Amino acid sequence: MIALLLALPLAGAVLLARASGRLAVGGHALTAVATLAVGLVVAAGAVRGAPAVALDGVLRVDALSGWMIAIIVAVAALAAAEAPRYVHAGSPRVFYPLFHLMVFTMLLAVSTDDVGVMWVAVEGTTLASVFLVNFERTRASLEAAYKYLLICSVGIAIAFLGTVLVYYAEVVRQQGLVDHAPHALRWTALLSLAPALSPRVLELAFVFLVVGYGTKAGLAPMHTWLPDAHSEAPAPVSALMSGVLLSVGVYAVLRFKPIVDAAAGPGFTRRILMALGLLSLAVAAAFLWRPGNYKRMLAYSSVEHIGIVCLGLGFGGPLGVAGALLHVANHGLAKAVLFLLAGRIRAAYGTVDLAGVRGLLGALPFTGRGFLITLLALMGLPPFGLFTSEVMIFGAGFREGHPWVAAAGLALLVVAFGGLLRAAHDMLYGVPPAITREAPGGWPAALPMALALVLLVLTGLAWPPGFAGALELAARVVAP
Amino acid sequence: MTTASNLLAFVALVVTLLLVWRQSWRGRARLFVVQSVVLAALAVVIGVLAHRPALLVVAAVFLFVKTWVIPRVLRRMAEGAPLRPVAPGRSAGISVLVAGALVVVAYVIMLPVTDLTAAGVATRRAIPLAFAMALIGLFVCVTGRDALGQITGFLVFENGIFALALLATYGLPGIVEAGAFLEVLVLVLLMEGVVVQIRREHDSLDVDRLRELRG
């Protein structure tokens, strides 16, 4: 089943490279729906019980992987539904294959047990998405693609250095070389060996891993590529990048956390994660008060939310980690919807400048209302899920004995909230320019996004049966 | 064994320092090839002495990718671009000084890690040398004025990490090693696509001209 989940988007990507016209759209839709269905089945199995293993243990889906798979396939389906609107800017033979290739690399990154393969997959996400960032081939998107490729490649190379050091720690522990090298980088093997590994080597490795994967996750101060890439990419790609790709970076760090904690004690990773989380929040909050471009505004808000997730992981404990995982899901859905709506706003107004968008509620009642509601969700207002996960995260901060960090985080959250609210007010009200029109498609085209909003209300108000158990099981994987 | 591997790591570091000192782009590209040859030799030495035949394959692939494919792609990127000194009007002295300081930094960071009594990894004393190479590569990358300079820096950085992996662990599991080579190759090819387009748009490879996106 896991192999099928990975084979689907990969096969789709290969076949779509030759398709065009209606065939391409049909193949794209088929691949997206099939990936969604199989992904949800795999995830449902994993969050309920024992981990599933395939390919001689290289692929292993436990509850945490299942949780991530569910988020990835859901956001990917959401983005895929909007994709056909954007393909006309370039070639469908570039867009659809790379889109599904990106989904494939993300799924591989979260469903492998081998941290080396995970590294290869995370690097693969960058390579697959570079041409999607530059899909419109403007000067700005070209610049964004160049920065994205260079900065993320440097970051991921640093993560490679961290992985090498983890392996070195294992080699040192064995007083020689590991005979069965193919299994040496298995996460499960590392976790069982961890208490005996050298804490100094693992601490150093963790610094490199956080900086490296943190670059992919968009943590400040390694976030500089993010606003460019996320604002210049076509809307479905931005949705995928902001919604889940960042979380895959966080996931990679999260996998190493229990290993380092077991060797060096929890204090080390906790301090690093809390510091980076607060810094990301501060950087984003400062920017959100002077945004010039609403797609950049959304991108910086992603930095903010990844910072919150990082704080949750830093506070730790089952509550903090569960809150962080729930926040990843909520933020993924909300941000994906917002980027897709931002794409429609851009199509209608013809600009991404905040100053150029006025009277959104009057000009585009459908899109405008959706934008307002989802933005309120993103700001963490009840009854949406982000409120719940933020309460869990900051609650964990106070409970685990970090009241000052939690208080500082809350203060920055309020600052960011104010900035977003001001920008949203400017966009939503005022006199709309004469030439704007609602994107075609009517309500069926809005159905996936409406579904995402319903899910957000569900995670906020009424957890479906089994949801709490799944979340706890996923958190327990890394926070025993 | 350690004498040979230490010597090769040291030679590679000296080549890296020379690369920082050289101010012409072609000179730097040539020194990158020299560095790659030295590191391939390092892989062969460690492979022979540690009885790891897989490392000989790694060395061969490394040699093919780093001294044949990548220099060709770099040359294609440079075609038509006005080749000027790497840092006009700046003396190479300061860069070399910074690079020297980075060697010290590399020792400060890596010594606690290499002091461990790890009987199995005889080559661990040379780890700081490899890490210094990586740091210097990163320095060349972030101070590069044009796309070619930054990419050269990145490649040196990548070579340093390869050397570190060799010295610390005698090479990673095959699937990871293969993946890493494939990624570098794809990355450089993608870079070529982006850089060629940058040149077409801006008529230059200067990264100073890339300033559409701010804030």
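Me: Before we get to the chains, what counts as two residues being in contact here?
Reply: Two residues are in contact if their C-beta atoms, placed from the backbone, lie within 7 Å. Please keep in mind throughout that this is a predicted model.

Me: OK, so how many residues of chain B are in contact with chain A?
Reply: On the chain B side there are 38 residues, and they are in contact with 42 residues of chain A. Each of the helices α4 (92-114), α5 (127-143), α6 (147-169) and α7 (174-202) of chain B supplies at least two residues of the side that touches chain A.

Me: Which of those gives the most?
Reply: That is α7(B), which contributes 13 residues to the side of chain B that touches chain A. By residue class, the side of chain B that touches chain A holds 28 nonpolar, six polar and four charged residues.

Me: And what is chain B built from?
Reply: Chain B contains seven helices and zero strands, and of its 215 residues 47% count as buried. Among the contacts in chain B with a separation of 6 or more, 71% are between residues 24 or more positions apart.

Me: Switching to chain A, how many helices and strands there?
Reply: Chain A has 19 helices and two strands. Its radius of gyration is 21 Å, close to the 23 Å that the globule rule gives for 480 residues, so chain A is as compact as a globular protein of that length. The C-alpha trace of chain A spans about 75 × 55 × 45 Å along its principal axes, and 64% of the 480 residues count as buried.

Me: What about the largest nonpolar core, which residues have the most contacts inside it?
Reply: That core has 276 residues, and those with the most contacts inside it include Ile72(A), Val75(A), Leu78(A) and Leu325(A) from chain A, together with Ala130(B), Ala163(B) and Leu164(B) from chain B. Helix α6 (residues 139-173) of chain A gives the most to this core, with 24 residues.

Me: Take Ala163(B), what is it in contact with beyond its neighbours within four places in sequence?
Reply: Setting those neighbours aside, Ala163(B) is in contact with Ala9(B), Ala12(B), Leu39(B), Leu42(B), Ala130(B) and Met133(B).

Me: One more, is Val250(A) buried or exposed?
Reply: Val250(A) counts as buried, because it has 25 C-beta neighbours inside 10 Å. Val250(A) sits in helix α10 (residues 235-264) of chain A and, leaving aside neighbours within four places in sequence, is in contact with Ala217(A), Ile306(A), Val309(A), Cys310(A) and Val328(A).

Methods: Residues are numbered from 1 along each chain as its sequence is written. Chains are lettered from A and ligands numbered from 1 in the order in which they are written. This is a predicted model: local features need pLDDT of at least 70, side-chain atom pairs count only at pLDDT 80 or more; totals for chains, interfaces and linings use all residues. Helices (H or I, at least four residues) and strands (E, at least two) are DSSP runs, numbered from the N terminus. A residue is buried if 20 or more other C-beta atoms lie within 10 Å of its own, exposed if 12 or fewer, and partly exposed in between; C-beta atoms are placed from the backbone. Ala, Val, Leu, Ile, Met, Phe, Trp, Tyr, Cys and Pro count as nonpolar, Asp, Glu, Lys and Arg as charged, and the others, Gly among them, as polar. A nonpolar core is a set of buried Ala, Val, Leu, Ile, Met, Phe, Trp, Tyr and Cys residues joined through C-beta atoms within 7 Å. The radius of gyration is taken over C-alpha atoms; the globule rule is 2.2 Å times the number of residues to the power 0.38.
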